[in-house]
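Please open the model in your viewer with a cartoon representation, and keep the selection panel at hand for the stops that follow.

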Amino acid sequence: MNAMDKHPLKAGEPILIRGVEVPVETGSLPQKHLQFFVENPRVYSILRSHGEEPSQADIERKLLDMDHVKALIQDIKRDGGLTDPVVVRAGTLEVLEGNSRLAAYRALAKNDPVKWGYMKVRLLPQDIDEALIFALLGQYHIKGKKDWAPFEQAGFLYRRHKTHDVDTGKLAIEIGLSKRKVEHLIAVYQFMLDHDEADTAKWSYYDEYLKSSKIRKARLANVAFDSLVVGKIKSDEIAKAVDIRDRLPIICSAPKALQKFVNGTEGFEDAFDHAVEAGADNTPLKKITKFRTWLALPETESALNHAQDETRKKILFELGKLSGRVDTLLQKLNPKK
């Protein structure tokens, strides 16, 4: 009697994927026979980091190093099993959805192979269309629980667009994101591929880099700008993604600082300081505009007007001080008036 005879599968409720009812069998299968799905975005990130297809052992080892899998091991152990079955393709026995749960079971089985020998599964047909598989993953992880990191989401969308030839408009409808957001994610992923950036932790740097209109102008005007910035990100000269968001646009707004940055006579920090000295940093303007906008709101006036007693006195005192300071600044900044 084989394992399938001991734990026979039975017909389950079909899964609806993009309007297609896919037949399903439910039951339990030996976890040692199941395979990690290399095309799963979380697993695919491992492939990208090594530059070649990982082995099943590589995938298991990498998943077991992840914090969410370590937590999952304890959750499954406490619950005595799976709450949700893993989704498996018949024939290959690839776990299309639930690779982290498979890794957790493998870890538990090392101490108790009998108790953790079988996993609850939903078995899909062997000949299921690849496009339906990726649509299913999108339903789970982008429209549903949204637990994929941005790099993983982008990798998924990139392969749907490039490999399965799904245009960005259809992807946007399928996934529940705006077309603009889908195109941005694909563009950032493509940029990282083009520049051999395998460090998925750097995603946010390039996400910010491709968002900025000021940076875009500098890129168009300087052919080597992308390579320059990527090099500084990889060397950690640009230490944080927030520096791409907040500092690089300021450099790009100051022509002389930008030129020195591009020709290499000034590094990132020096170019930023140069740009600020040249007046490219508009932080003071933003703060003043934000305060003025808040002050002009009807609800602000109403809240101030309803203040009572000691609070009202303090508000009047602060407004008086503010008025005097504004007059002084106006005289200094515009002495001709």
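Begin, bearing in mind that this is a predicted model, by selecting the six strands that form an open sheet of mixed pairing, in the order β1-β2-β6-β4-β5-β3. At the edges stand β1 (10–17) and β3 (35–36), each with a single partner strand, so one side of each is left without a neighbour in the sheet.

Next, select strand β2 (residues 20–30) together with strand β6 (residues 118–124), which pair in the antiparallel sense over six bridges; S28 can be found opposite K120 in β6.

Keep β6 displayed and add β4, which pairs with β6 in the parallel sense over four bridges, and then strand β5 (residues 94–97), which pairs with β4 in the antiparallel sense over three bridges. A useful residue to centre on is V87, whose bridge partner is R122 in β6 and E97 in β5. Showing the side chains of strand β4 (residues 86–89), you will find V86 and V88 pointing one way and V87 and R89 the other way, all of them buried. Follow the chain into the hairpin of β4 and β5, which has four residues between the strands, and stop at G91, which takes a positive phi near 90 degrees.

Finally, move to helix α8 (residues 168–175) and helix α9 (residues 179–194), which pack at an angle of about 110 degrees with their axes 8 Å apart, and which are therefore roughly perpendicular to each other. Their crossing is right-handed, and the contact is made by T168, G169, L171 and A172 of α8 and by K179, V182, E183 and I186 of α9. Coloured by character, the residues of this contact divide into four nonpolar, two polar and two charged.

Key. Residues numbered from 1 in each chain as written. Predicted model: local features only at pLDDT ≥ 70, side-chain atom pairs only at ≥ 80, totals over all residues. Heavy atoms only, no water. Axes fitted to C-alpha atoms, helices over the stretch in contact; angles between N-to-C directions. Helix = DSSP H or I, 4+ residues; strand = E, 2+ residues; numbered from the N terminus. Parallel < 35°, antiparallel > 145°, perpendicular 65-115°, else oblique. Left-handed = near helix turned anticlockwise from the far one by under 90°. Contact = heavy atoms within 4.5 Å. Nonpolar A, V, L, I, M, F, W, Y, C, P; charged D, E, K, R; others polar. Pairing = 2+ DSSP bridges. Buried < 20%, exposed > 50% of the residue type's maximum accessible area, 1.4 Å probe, protein only.
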